[in-house]
Amino acid sequence: MSRRGVGAEGYSRARVTRYDWLLFLHVLSAFAIVGSVVVFTVVLLAARGADGAAALRLVPLARRLWDVGGAGTIVLGIWLAIDLDQYGVFDGWVIGAIVLWAVAAFAGFRLGTSLSEGDGGGAGLPYAVMTVAVAALLVVMIYKPGA
Amino acid sequence: MLATIRADSVNIALLVHVLGAMLLVGTLVAAVAAVVLSRTGTGATLQRISFRALLYGAVPAFIVMRVGAEWVKSKEHAPDDVAWIGVGYGVSDFSLLFLIVATVLAGLALRRVNRQPDNPGALGTVAAAIVSLLILGYGIAIWAMTTKPT
């Protein structure tokens, strides 16, 4: 949802504000989370073939992307909710997003740990949960149901 | 600060655009990491992963991102002369060319490393450098899309 004033042509001419920077870093963190899911996907796809052992070397990257992206989205997201008059931390869609984030974080942690220990067989469920939770998070962030 | 409620009809288009952009950046990061790690062993395997990430991941994601962008623009009736839209189009147009070049170079690097495992050459590194520049460019585009500067 845009927080900008709308001019005659539909877009504002305002300069970059603190809100804009917070939103940028929040979105950038979300890119890191999806990047983590993508790298985990690459690892798991490669693990199905002969490239598995080499692909496991990408796991630390996926874990760090999740660490940075996960921390960035939750901290900056709550900051944005507090900072803006239009939203509150206890809005339904914000609480829903926090729950989805927690589910994704738990599944991502389990997935990273499992792959780091070389247990590719136990990665399927946490990967599926993490992917669905992240996709749902993206939908909630864009649609903001109830906002 | 004035608030604007985005029309619901734009949301699905925006979802497609953002999802495509996120998948694009994610696959580019995976591709670069694979090339960097290929320098320290298991070169052919990681070169293959890098090439496949670009060909089967980044290129389709780019198409999804760009189709979503056009869809959003048509729904919002956005003018062409807004700076942040210009930044987005500029980065997108140039990046397609560089993405194709990087994918071709990654494919050539894979072919070379398959033929001469002990002498992989510099093609993979060049491809990774181009992809790194793409990631930087997309970072600027993300900044422009979110902050919408004058």
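Helices and strands here are DSSP runs, a helix being at least four residues and a strand at least two, numbered from the N terminus. With that in hand, let's walk through this predicted model, starting with chain B.

Reading along its sequence, you'll find that chain B goes α-α-α-α. That makes a tally of 4 helices and 0 strands. Measure out its C-alpha trace along the principal axes and you get spans of about 60 × 25 × 25 Å.

Let's look at α2(B), which covers residues 43–76. How far apart should the ends of this helix be? At 1.5 Å a residue, its 34 residues should span 50 Å, and the end C-alpha atoms sit 47 Å apart, so the two values agree. There's a bend along the way, though: α2(B) has a kink of about 30°, centred on B:Leu54. Right after the helix comes B:His77, with a positive phi near 50°.

Further along is α4(B), residues 123–147. Its 25 residues should span 36 Å at 1.5 Å a residue, and the end C-alpha atoms are 36 Å apart, so expectation and model agree. Here too the residue that follows has a positive phi: B:Lys148 comes after α4(B), with a value near 45°.

Now for how helices pack against one another. Here are three pairs, with how their axes meet.

| Helix pair | Axes come within | Crossing angle |
|---|---|---|
| α3(B) and α4(B) | 8 Å | roughly 160° |
| α4(A) and α5(A) | 8 Å | roughly 155° |
| α3(A) and α4(A) | 10 Å | roughly 165° |

Take the chain B pair to begin with. Angles over 145 degrees count as roughly antiparallel, and α3(B) and α4(B) are therefore roughly antiparallel to each other. Their crossing is left-handed. As for what the contact is made of, its residues come out as 23 nonpolar, 4 polar and 1 charged.

Over in chain A, α4(A) takes in residues 92–116 and α5(A) residues 124–143. With their axes crossing at roughly 155°, α4(A) is roughly antiparallel to α5(A). Once again the crossing is left-handed. Which residues does α4(A) bring to this meeting? Among them are A:Trp93, A:Gly96, A:Leu100, A:Ala104, A:Ala107 and A:Leu111, while the α5(A) side includes A:Tyr127, A:Met130, A:Val134, A:Leu137 and A:Met141. By class, this contact has 18 nonpolar, 3 polar and 1 charged residues.

The other face-off in chain A is between α3(A), residues 59–83, and α4(A). These two are roughly antiparallel as well, and α3(A) and α4(A) make a left-handed crossing. From α3(A), the contact includes A:Val59, A:Ala62, A:Trp66, A:Gly70 and A:Ile74, and they meet a set in α4(A) that includes A:Val94, A:Trp101, A:Ala105 and A:Leu115. The contact of α3(A) with α4(A) divides into 9 nonpolar, 5 polar and 1 charged residues.

One helix turns up in both chain A contacts: α4(A) meets α5(A) and α3(A). A:Trp101 and A:Gly108 are listed in the contact with α5(A), and A:Trp101 and A:Gly108 also appear in the contact with α3(A).

How values were computed. Residues are numbered from 1 along each chain as its sequence is written. Chains are lettered from A and ligands numbered from 1 in the order in which they are written. This is a predicted model: local features need pLDDT of at least 70, side-chain atom pairs count only at pLDDT 80 or more; totals for chains, interfaces and linings use all residues. Axes are lines fitted to C-alpha atoms, for helices over the stretch in contact, and angles run from 0 to 180 degrees between N-to-C directions. Angles under 35 degrees count as roughly parallel, over 145 as roughly antiparallel, 65 to 115 as roughly perpendicular and the rest as oblique. A crossing is left-handed if the near helix is turned anticlockwise from the far one by less than a right angle, and right-handed if clockwise. Ala, Val, Leu, Ile, Met, Phe, Trp, Tyr, Cys and Pro count as nonpolar, Asp, Glu, Lys and Arg as charged, and the others, Gly among them, as polar. The expected span of a helix is 1.5 Å times one less than its number of residues. The bend at a residue is the angle between axes fitted to the seven residues ending there and the seven starting there. Two residues are in contact if their C-beta atoms, placed from the backbone, lie within 7 Å.
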